[in-house]
Every structure is written in structure tokens, then in C-alpha cells.
Amino acid sequence: MKMVVVMMIMMVMAMVSEANMIEQTCKETPDFNLCVSLLDSDPRGSSADTSGLALILVDKIKGLATKTLKEINSLYKKRPELKQALDECSRRYNTILKADVPEAIEAISKGVPKFGEDGVIDAGVEAAVCEGEFKGKSPLTSLTKSMQKVSNVARAIVRMLL
């Protein structure tokens, strides 16, 4: 019986420690609430170190880029007058998926966070450029702003690895 109680206490302490890791890390980012929300939503977050948390956020960038590309593709049919801006956004989000995300994953995984930082920064830049293509009338504003925010949070965590 004592052994079971001790094991339960140790498990609770480990869970508190893991939660503290996310909270302590997120306190060093520009958006604490977004950071905690993103990391808590991934089952890997509870046992991840700083590199693992950074990789989770890179995965979030990948997921958001994929979602945005799907929205871009649906807008071609709904808003054909936006073809030129949508083409540019499609190129930008494909760059995020084919260059920035793989660069960040490889760099963080190999312990070269500077290049990981470059990848997550570029994801935010690509989103901003996409947004600018619409000259203030973007149907993608919510998604591009989300990408910029996630990118900024990811950057802050990757910088902790430098």
C-alpha cells in the first residue's frame, strides 16, 4: 500500500514538473497563453525538453501552413479575381512546408538551433508577405496572423537553445 502511494505521489510530482516546464518556457515567449495552449494540446508536450517543445511548435507551423494552403485552394474557386495574390500566397506557404519546416526540424534535431531559428522566422515572414499581396483586403488575415504569432513563439523557444 505504501509503495502505491509513493508511486502515485511521484507521478503527480512528475506531472507538476512537466507542467512547470511548459509554463516556465512559455513565460519567456511573446505570447504566454498561445504558447501554453499550443504545447498543452500536444501529448508530447508533457514530457518534452526545450528542443522537444520547439519541435512541437514547428509541427504546429506545418499544420497551420497545410490548413492555409487548403484555404488558398478553396479560394481559387470562390474568389477568382484574387488569383494573382493567391498564387503568391501558395508559393509562400509551399516554401514554409518544403523549405522552412524541414530546415527547422533538421537544425533543432541536430543541435544547430541557429538554422532552426531561421526556418521559424521565415515562416512568419512568408505569411506577412502573403498578407501584403491583398492590399488590405485579405481573406487569409486570420490564418496569416496566426502563423506570425506561432512563428514568434517558436522563435523565442528556439532562441533558448542558442
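The chain contains six helices and zero strands, giving the pattern α-α-α-α-α-α when read along the sequence. The model is predicted, with a mean pLDDT of 91 for the chain and 88% of its residues at 70 or more. Of the 162 residues in the chain, 38% are buried. Among contacts with a separation of 6 or more, 68% join residues that lie 24 or more positions apart.

**Confidence**

- Residues 8–16 have pLDDT under 50 throughout, and for this segment the model has zero contacts beyond four places in sequence.
- The chain as a whole has a mean pLDDT of 91.

**Nonpolar core**

- The largest nonpolar core comprises 40 residues, of which Leu-39, Ile-61, Tyr-93, Leu-140 and Met-147 touch the most other members.
- At least two residues of this core come from each of H1, H2, helix H3 (50–78), helix H4 (83–109), helix H5 (113–132) and H6.
- The greatest contribution to this core is that of H3, which gives eleven residues.
- Beyond its neighbours within four places in sequence, Tyr-93 is in contact with Ala-65, Thr-68, Leu-69, Ile-72, Ala-127, Cys-130, Leu-143, Thr-144 and Met-147.
- Two of the residues named for touching the most other core members, Tyr-93 and Met-147, are also in contact with each other.

**Helix H6**

- Helix H6 covers residues 141–159, and its 19 residues should span 27 Å at 1.5 Å a residue; the C-alpha atoms at its ends are 27 Å apart, in agreement with that expectation.
- The buried residues of H6 are Leu-143, Thr-144, Met-147, Val-150, Ser-151, Val-153, Ala-154, Ala-156, Ile-157 and Val-158.
- An α-helix has 3.6 residues a turn, so residues three or four places apart point the same way.
- Among the buried residues of H6, Leu-143, Thr-144 and Met-147 are in contact with Tyr-93.
- Val-153, Ala-156 and Ile-157, also buried in H6, are in contact with Thr-29.

**Disulfides**

- A search of the whole structure finds two disulfides, and with bonded cysteines counted along the chain they follow the pattern 1-2, 3-4.
- One disulfide joins Cys-26 and Cys-35, whose sulfur atoms are 2.0 Å apart; this link is left-handed, with -70° about the S-S bond.
- Both Cys-26 and Cys-35 are buried.
- The other disulfide joins Cys-89 and Cys-130, with a sulfur separation of 2.0 Å; the torsion about its S-S bond is about 100°, so the link is right-handed.
- Because Cys-89 lies in helix H4 and Cys-130 in helix H5, this pair ties together parts that are 41 residues apart in sequence.
- Cys-89 and Cys-130 are buried, and Cys-130 is among the contacts of Tyr-93.

**Thr-29 in the H1–H2 loop**

- Thr-29 lies in the loop between helix H1 (2–26) and helix H2 (32–40).
- The relative accessibility of Thr-29 is 12%, so Thr-29 counts as buried, the cut-off being under 20%.
- The side chain of Thr-29 reaches the backbone oxygen of Cys-26 at 2.7 Å.
- With neighbours within four places in sequence left aside, Thr-29 is in contact with Cys-35, Val-153, Ala-156, Ile-157 and Met-160.
- Thr-29 therefore has a polar link to Cys-26 and a contact with Cys-35, the two cysteines that form a disulfide, while being itself buried at 12% relative accessibility.

**Lys-60 in helix H3**

- Lys-60 is found in helix H3.
- Its relative accessibility is 23%, so Lys-60 counts as partly exposed, a class that lies between 20% and 50%.
- Lys-60 and Leu-38 are 22 residues apart along the chain, yet their C-alpha atoms are separated by 7.6 Å.
- The contacts of Lys-60, with neighbours within four places in sequence left aside, are Leu-38, Ser-41, Asp-42 and Val-150.
- Of these partners of Lys-60, Val-150 is a buried residue of H6.

**Glu-117 in helix H5**

- Glu-117 lies in helix H5 and is buried, with a relative accessible area of 2%.
- The side chains of Glu-117 and Arg-155 are joined by a polar contact of 3.1 Å.
- Not counting residues up to four places away in sequence, Glu-117 touches Arg-155, Val-158, Arg-159 and Leu-162.
- Among these partners of Glu-117, Val-158 is one of the buried residues of H6.

Terms used. Residues numbered from 1 in each chain as written. Predicted model: local features only at pLDDT ≥ 70, side-chain atom pairs only at ≥ 80, totals over all residues. Heavy atoms only, no water. pLDDT = per-residue confidence, 0-100. Contact = heavy atoms within 4.5 Å. Helix = DSSP H or I, 4+ residues; strand = E, 2+ residues; numbered from the N terminus. Buried < 20%, exposed > 50% of the residue type's maximum accessible area, 1.4 Å probe, protein only. Polar contact = N/O pair within 3.5 Å; in protein donor to acceptor, adjacent residues only side chain to side chain. Expected span 1.5 Å × (residues − 1). Core = buried A, V, L, I, M, F, W, Y, C linked by side-chain atoms within 4.5 Å. Disulfide = S-S within 2.5 Å.
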